Amino acid sequence: MTQQAINIPSSSGNDIFSAPFLLGNVGAPFVIGMAVGYFAKIMLKTALFIGGGLVVLMFVGEYYGIININGAELEHVADAATQVAKDSGNYLAGRLSTITTRGVSAVAGFTLGFKLG
């Protein structure tokens, strides 16, 4: 009984399940997206912590009569900061979607990294 080798031709350029294709188009963009998402969440937490501390200091200053706070202006500043955060998130997601042809793995990595952060 002789064993015969079956030669199956494959072109690595068209093989979507090959390791180089998956690493380049799914693995690396996912890791990059996850790192960016994690960093964005940490920066958002830091900004909220500092912003909250500043608001508390302003309230203390108002209590002692050092400053006067206008509630409408404070709300306007909070709305502007919220809009900047939304624009930053949209920019990052849009930029990450251009890393691969479909952009799904990078955006999925960003979402996971943001959740983990």
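**Close-up views of a three-helix chain**

**Figure 1. Phe110 is tucked away from the surface.** Phe110 is buried, with a relative accessible area of 11%, which is below the 20% cut-off for a buried residue. Please keep in mind as you look that this is a predicted model. Where is the neighbour Phe114 to be placed: buried, partly exposed or exposed? With a relative accessible area of 29%, Phe114 is partly exposed, because the partly exposed class runs from 20% to 50%.

**Figure 2. The whole chain is a good place to get your bearings.** The chain contains three helices and zero strands, so a definition based on DSSP runs gives the order α-α-α from the N terminus on. Helix H1 covers residues 19–63 and helix H2 covers residues 71–96, while helix H3 covers residues 104–116. Of the 117 residues in the chain, 15% count as buried. How confident is the predictor in this chain? The average pLDDT is 80, and 74% of the residues score at least 70. Among the elements, H2 has the highest mean pLDDT, 88, and H3 the lowest, 84. A useful habit for any model of this kind is that predicted coordinates should not be read in detail where pLDDT is low.

**Figure 3. Phe110 and Phe114 form a stacked pair.** Two aromatic pairs turn up in a search of the whole structure. In the pair shown here, the ring centres of Phe110 and Phe114 are 6.0 Å apart and the ring planes meet at 25 degrees, so the pair is stacked. Why does this angle count as stacked? Planes under 30 degrees apart fall into that class. Phe110 and Phe114 are four residues apart in helix H3, so about one helical turn separates them. Lys41 joins the scene too: Lys41 lies over the face of Phe114, at 5.1 Å from the ring centre.

**Figure 4. Tyr63 and Tyr64 meet edge-to-face.** A pair of aromatic rings is described by the distance of the centres and the angle of the planes. For Tyr63 and Tyr64, the centres are 5.1 Å apart and the planes stand at 80 degrees, so this pair is edge-to-face. The reasoning is that an angle over 60 degrees counts as edge-to-face. Are these two tyrosines buried or exposed? Both Tyr63 and Tyr64 are exposed.

**Figure 5. The largest pocket is lined by residues of H1 and H2****.** Rolling a probe the size of a water molecule over the atoms shows where empty space is left. The largest pocket has a volume of about 350 Å³. Its lining has 13 residues, and the closest to the pocket centre are Leu48, Gly51, Val77, Ala78 and Ala81. Helices H1 and H2 are the elements that give two or more residues to this lining. Which of them gives the most? H1 does, with seven residues. By class, the lining of the largest pocket has 11 nonpolar residues, two polar ones and no charged ones.

**Figure 6. The second largest pocket brings in H3 as well****.** This pocket has a volume of about 230 Å³. H1, H2 and H3 each supply at least two residues of the lining, and H2 gives the most, with five. Look for Phe110 and Phe114 again, since they are among the lining residues, as are Ala40, Met43 and Leu44. Others in the lining include Val84, Ser88 and Leu92. What is the make-up of this lining by class? Nine residues are nonpolar, two are polar and none is charged.

**Figure 7. Three residues show how parts of the chain meet in space.** Leu96 and Arg95 sit side by side in the sequence, so start with them. Leu96 lies in helix H2 and is buried, with a relative accessible area of 5%. Its C-alpha atom is 5.6 Å from that of Ala106, although the two residues are 10 apart along the chain. Arg95, also placed in helix H2, is partly exposed at 48% relative accessible area. The C-alpha atoms of Arg95 and Gly33 are 9.9 Å apart, with their positions 62 residues apart along the chain. Finally, find Leu116 in helix H3. Leu116 has 54% relative accessibility and counts as exposed, because the exposed class begins over 50%. Leu116 and Phe39 are 77 residues apart along the chain, and their C-alpha atoms are separated by 10.0 Å.

Conventions: Residues numbered from 1 in each chain as written. Predicted model: local features only at pLDDT ≥ 70, side-chain atom pairs only at ≥ 80, totals over all residues. Heavy atoms only, no water. 1 Å grid on protein atoms, 1.4 Å probe; cavity = no way out; pocket = protein on both sides within 12 Å on 5 of 7 lines; lining within 4 Å. Points joined across faces, edges and corners; volume = space filled by probe spheres on them. Nonpolar A, V, L, I, M, F, W, Y, C, P; charged D, E, K, R; others polar. Phe/Tyr/Trp six-rings, centres within 6.5 Å; stacked < 30°, edge-to-face > 60°. Buried < 20%, exposed > 50% of the residue type's maximum accessible area, 1.4 Å probe, protein only. Lys NZ or Arg CZ within 6 Å of the ring centre and 35° of its normal. pLDDT = per-residue confidence, 0-100.
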